[in-house]
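Biologist: Please take a close look at one part of this model for me: the largest pocket and what lines it. Once you're there, carry on to the aromatic rings.

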Amino acid sequence: MSSSETTSDVPRDWHFNLVLDAPLTEEQSKTLDHLDRFHDGALGLAERPGHSRFICIVRAGTLTAAIADALERFEDFPGVLVRSVELGPIALDENGMATPAVVPAPPPVEAAHHVS
């Protein structure tokens, strides 16, 4: 690595979720089947009743660049809107960003009750 190159310039895998504003319709699901930009393994659809999201592992120099890459793919996916980008505890850990400051601490263990 040259002295002018920083670690953020080195591509790596970034983990995050893109949460959609609504579940995919049957027509949107059929469209997705034919969009090559969604079939390189970087974005995977996860659905449950009333909820759709894409679990993303995108290679880029920065998290911002990875998110931008993923969002650009939706230009070819009419009617599908991304509501939010989420970094849960697993994604924060995978990204090397998990610290007590950004990951909620587990709830405190209740103290044993003393009988008086």
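**The pocket lining and the rings**

Modeller: H3 gives the largest share of the lining of the largest pocket, four residues. Bear in mind that this is a predicted model. The pocket's volume comes to about 150 Å³. Helix H3 (89-94) isn't working alone: strand S1 (12-20) and strand S3 (51-60) also put in at least two lining residues each. Going through the list, you meet His15, Phe16 and Asn17, then Ile55, Cys56 and Ile57, and finally Gly88, Pro89, Ile90, Ala91 and Glu94. By character that's seven nonpolar residues, three polar and one charged.

Now the rings. Searching the whole structure turns up five aromatic pairs. Take Phe38 and Phe77: their ring centres are 5.4 Å apart and the planes meet at 70°, over the 60 degree cut-off, so this pair is edge-to-face. It ties together distant parts of the chain, 39 residues apart, with Phe38 in the loop between helix H1 (26-32) and strand S2 (43-48) and Phe77 in the loop between helix H2 (63-72) and strand S4 (82-86). Phe77 also pairs with Phe74, this time stacked, at 6.1 Å centre to centre and 15° between the planes.

Buried or exposed, Phe38 and Phe77? Both are buried. Phe77 has just 1% relative accessibility, and Phe74, at 9%, is buried too. Add Phe54 and you have one aromatic cluster of Phe38, Phe54, Phe74 and Phe77.

One last ring contact: Arg12 has its charged end over the ring of Trp14, 3.8 Å from the centre.

Definitions and conventions
Residues are numbered from 1 along each chain as its sequence is written. This is a predicted model: local features need pLDDT of at least 70, side-chain atom pairs count only at pLDDT 80 or more; totals for chains, interfaces and linings use all residues. Side-chain values use heavy atoms; hydrogens and water are left out. On a 1 Å grid over the protein atoms alone, a cavity is a set of points where a 1.4 Å probe fits but cannot get out, and a pocket is an open set with protein on both sides within 12 Å along at least five of seven lines; lining residues have an atom within 4 Å of a point. Grid points are joined across faces, edges and corners, and a volume is the space filled by probe spheres set on the points. Ala, Val, Leu, Ile, Met, Phe, Trp, Tyr, Cys and Pro count as nonpolar, Asp, Glu, Lys and Arg as charged, and the others, Gly among them, as polar. Rings of Phe, Tyr and Trp (its six-membered ring) pair if their centres lie within 6.5 Å; planes under 30 degrees apart count as stacked, over 60 as edge-to-face and the rest as tilted. Buried means under 20% relative accessible area, exposed over 50%, partly exposed in between (1.4 Å probe, protein chains only). A charge sits over a ring if NZ of Lys or CZ of Arg is within 6 Å of the ring centre and within 35 degrees of the ring normal.
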